[in-house]
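Trainee: I am new to this structure and would like to learn how its descriptions are justified. Could we go through them together?

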Amino acid sequence: PKTENLGLQEDVEIRRDLTGLYDDIRELLSKTQATLVPIAQYYFDGKGKAIRPVITLLMAKAINYHLGENSRNVVEKQMKIAQIVEMIHTASLVHDDVVDAADSRRNKSSVNKVWGQKKSILAGNYVVGRSIEICTAIESHEVLNLITKIFSELISGELMQLDGTANKEEWFDHYLEKTFKKTASLIANGCQAVSVVAGASSATQTNAFQFGRQLGMAFQLVDDLLDFVSTSAQLGKPAAADLRLGLATAPVLYAARKFPELNVLILRRFKEPGDVETAFDLVLRSDGLQRTKELAGQYCDDAVTQLAQLSPSPYQQALFTLTHELLNRMK
Ligand code: FPP
Ligand code: MG
Ligand code: MG
């Protein structure tokens, strides 16, 4: 996995964990009928940024250090949680590319492009099912509750995005709630789950959850910003895609405060000829991109405050570095 751009030091031993994590996932997914295997394994190739498992594993290590916990049983359960997080994420991307009719991801053809919609949906569901199988082996109702909450929130977030909301006063809150459900919930609940199996107090569990929440919010805000400023080649997936999908993300919502003529375009989801180009131009002429970055920066500051409640450790330090790098990433 390409972790070098996350500023991780060798001493946090994340790379070795990640190799084992992907090996275990591929092994688990291989035990089914032959035609399903390559589809389900397609994105578990160790070529992604692996941000979610890295965050989950670093949080686990930071929590264990904080609690003086190092039993093998706990560490194995935390490894399973990191696998589940990566599997849920990947399954959601497979379905997302069907919903968004995307034809590329991570610089290769998307699953739906290679195998079609029907098999993509089935493969995504298969990965979900196998992730729940791992969860049952953890034997914790608390963890199972956190994981099942992720599924309902992911789907609710995706639906909120599909449906939008007509009331202009609600646009930004709707966007933030959608962003939590679509992106931050997975990271937040994953961070809480690794703290639960380590026996953390409810205050420490809250620190872990809130760190994941704030970092997840920042991550998606930067993603929505990059959709305007990065290229398809840099992102490995279509750029300038959100407007074409009818989506008004933070940069546009901020831009509409300066250019109210955007409101009508947002309401009709940029579907008239020229809408996408007009909106793109107005966003670039507004302070929307800068304000989006500032909001992401505030979420990162909050994430740092939560993390600072844990004892200083190399893992905590790596998470501070990662928070900084996520805010300033270009892909
Ligand atoms: C990427 O968003 C998509 C998500 C973060 C969540 C998608 C969730 C679903 C499709 C619900 C189904 C969930 C499961 C677990 C099967 P994006 O389209 O903004 O990002 P992109 O630019 O990477 O495509
Ligand atoms: Mg989408
Ligand atoms: Mg998409």
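Mentor: Gladly! Keep in mind that this is a predicted model. Just after helix α4, A101 takes a positive phi of about 50°, and α4 itself is a good place to begin.

Trainee: How do you know that the length of α4 fits its number of residues?

Mentor: Helix α4 covers residues 72-99, which is 28 residues. The expected span is 1.5 Å times one less than the number of residues, and that comes to 40 Å for α4. From first C-alpha to last, α4 reaches 41 Å, close to the expected value.

Trainee: Why is A82 called buried?

Mentor: A residue is buried if 20 or more other C-beta atoms lie within 10 Å of its own. A82 has 28 such atoms, so A82 is buried. A82 is found in helix α4, where 20 of the 28 residues are buried, so the helix is described as mostly covered.

Trainee: Which residues does A82 touch?

Mentor: Leaving aside residues up to four places away in sequence, A82 touches L21, P53, T56 and L57. By contact we mean C-beta atoms within 7 Å. The C-alpha atoms of A82 and F228, on the other hand, are separated by 31 Å.

Trainee: What surrounds ligand 1?

Mentor: There are 17 residues around ligand 1, and A91, S92, H95, D96 and E158 come nearest. Helices α4, α6, α7 and α8 each give two or more residues to this shell. Helix α4 gives the most, with 6 residues. By type, the shell divides into 8 nonpolar, 4 polar and 5 charged residues.

Trainee: Which residues have the most contacts inside the largest nonpolar core?

Mentor: They are L58, M59 and A218, in a core of 89 residues. Helix α9, residues 202-229, gives the most to this core, with 11 residues. M59 touches C191, V194, A208, F211 and L319, not counting residues up to four places away in sequence. As a general tendency, nonpolar side chains in soluble globular proteins are buried together.

Trainee: How do you know whether the chain agrees with a compact globule?

Mentor: We set its radius of gyration against the value for a compact globule, which is near 20 Å for 331 residues. The chain has 20 Å, so the two agree. Along its principal axes, the C-alpha trace spans about 60 × 50 × 35 Å.

Trainee: And what secondary structure does the chain have?

Mentor: The chain has 16 helices and 2 strands.

Terms used:
Residues numbered from 1 in each chain as written. Chains lettered and ligands numbered in written order. Predicted model: local features only at pLDDT ≥ 70, side-chain atom pairs only at ≥ 80, totals over all residues. Helix = DSSP H or I, 4+ residues; strand = E, 2+ residues; numbered from the N terminus. Buried ≥ 20, exposed ≤ 12 C-beta atoms within 10 Å, placed from the backbone. Near = placed C-beta within 6 Å. Nonpolar A, V, L, I, M, F, W, Y, C, P; charged D, E, K, R; others polar. Core = buried A, V, L, I, M, F, W, Y, C linked by C-beta atoms within 7 Å. Contact = placed C-beta atoms within 7 Å. Rg over C-alpha atoms; globule rule 2.2 N^0.38 Å.
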